[in-house]
Amino acid sequence: MTRILRIDAHGTTELDDTLAVEEPLEIRVNDKAVSVTLRTPGDDFDLAAGFLFTESLLRDADDVESFRHWGSPNVVRVGLRDGVRVDMARLQRNFYAASSCGVCGKASIDAVRVHTSALASSLTVAPAVVASLPGVLRTAQKTFDATGAIHGAGIFSADGALLRAREDIGRHNAVDKVIGSFFREGVTLDQHVLVVSGRASFEIVQKAIVARIPMLVAVGAPSTLSVELAREMGLTLYGFVREGRFNAYA
């Protein structure tokens, strides 16, 4: 909460305003720092799990022995089970990612592309259901209601039921949080739909593919690289899903 001045045609009013919280989170694997991201505090273990999974550093929930905060609420340590090794060379990024762009700092677009197989899914979702998904996600965005400055991501079943939603000031963090929450439970998402409240960035498309989610629905637009990757990897990609209509890009 902060004190502000609201200015309109009738003059100036002093009042309290609620802001979205933005703080750094350092993610460590055992004793090695692998990333710092700006995020909205909450669901930090899900965020760490989702990040490591969608960056292909973790493959299975059983690889992890523990999640805990490490000397600070802004540091999460992911402890691996004995004998588990991760390939840190996969993470070709600087250790700082702005909340507006999780890909910023990647060495190159080649470092972003993950080496994984194309999706092969029989999942079908009725057009009316696709059109309804952003509205359902919006009803779960309580922090957005309070601040107007936060992204949402949700996992849905094929019949349009919202199974889980997460929010964060970074769109990629919201996606990592919701994917990570299922990863920690050992639940696969190969018959589910990922819905995001903003645009379909390249990184979000990549995360969906790594998590084996066959369909991505976005309120906003995709980029050229998003469409290219979706088509290459067999991801169904819908954008501008609003007001009862949408575009099929892949």
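Which residues lie nearest the centre of the largest pocket? Keep that in mind for the first view; everything shown here comes from a predicted model.

**View 1. The largest pocket and the residues that line it.** Phe53, Arg59, Phe183, Val187 and Thr188 are the ones that lie nearest the pocket's centre. They belong to a lining of 16 residues, and the space they help to enclose has a volume of about 320 Å³. Sort the lining by residue type and you get nine nonpolar, three polar and four charged. If you're wondering which helix gives the most to this lining, look at α5, residues 171-185: it supplies three residues. Rolling a probe the size of a water molecule over the atoms is what shows where empty space is left.

**View 2. An open sheet of four strands.** Read across the sheet and the strand order is β4-β3-β6-β5, with mixed pairing. At the edges sit β4 (32-39) and β5 (64-69), each of them paired on one side only. From one strand to the next, the twist averages 20°. Now zoom in on β3, which covers residues 23-29. This strand runs antiparallel to β4, and the two are held in register by seven bridges. For a handy landmark, find Arg28: across from it, in β4, stands Ala33.

**View 3. Helix α6, largely enclosed by the rest of the structure.** Why does helix α6 (residues 202-210) count as largely enclosed? Because nine of its nine residues are buried, each with under 20% relative accessible area. The buried set takes in Phe202, Ile204, Val205, Ala208, Ile209 and Val210, along with Glu203, Gln206 and Lys207. Just past the helix comes Arg212, and its phi is positive, near 65°.

**View 4. Phe240 and its surroundings in strand β11.** The strand spans residues 236-242, and Phe240 is one of them. Is Phe240 buried or partly exposed? It counts as partly exposed, because its relative accessibility is 34%. Setting aside neighbours within four places in sequence, Phe240 is in contact with Ala218, Val219, Gly220 and Ala221, and also with Arg245, Phe246, Asn247 and Tyr249. Gly198 is another residue to pick out in this view: 42 residues separate Gly198 and Phe240 in sequence, yet their C-alpha atoms are 9.1 Å apart in space.

Key
Residues are numbered from 1 along each chain as its sequence is written. This is a predicted model: local features need pLDDT of at least 70, side-chain atom pairs count only at pLDDT 80 or more; totals for chains, interfaces and linings use all residues. Side-chain values use heavy atoms; hydrogens and water are left out. Two strands pair if DSSP finds at least two bridges between them. Axes are lines fitted to C-alpha atoms, for helices over the stretch in contact, and angles run from 0 to 180 degrees between N-to-C directions. Buried means under 20% relative accessible area, exposed over 50%, partly exposed in between (1.4 Å probe, protein chains only). Contact means heavy atoms within 4.5 Å. On a 1 Å grid over the protein atoms alone, a cavity is a set of points where a 1.4 Å probe fits but cannot get out, and a pocket is an open set with protein on both sides within 12 Å along at least five of seven lines; lining residues have an atom within 4 Å of a point. Grid points are joined across faces, edges and corners, and a volume is the space filled by probe spheres set on the points. Ala, Val, Leu, Ile, Met, Phe, Trp, Tyr, Cys and Pro count as nonpolar, Asp, Glu, Lys and Arg as charged, and the others, Gly among them, as polar.
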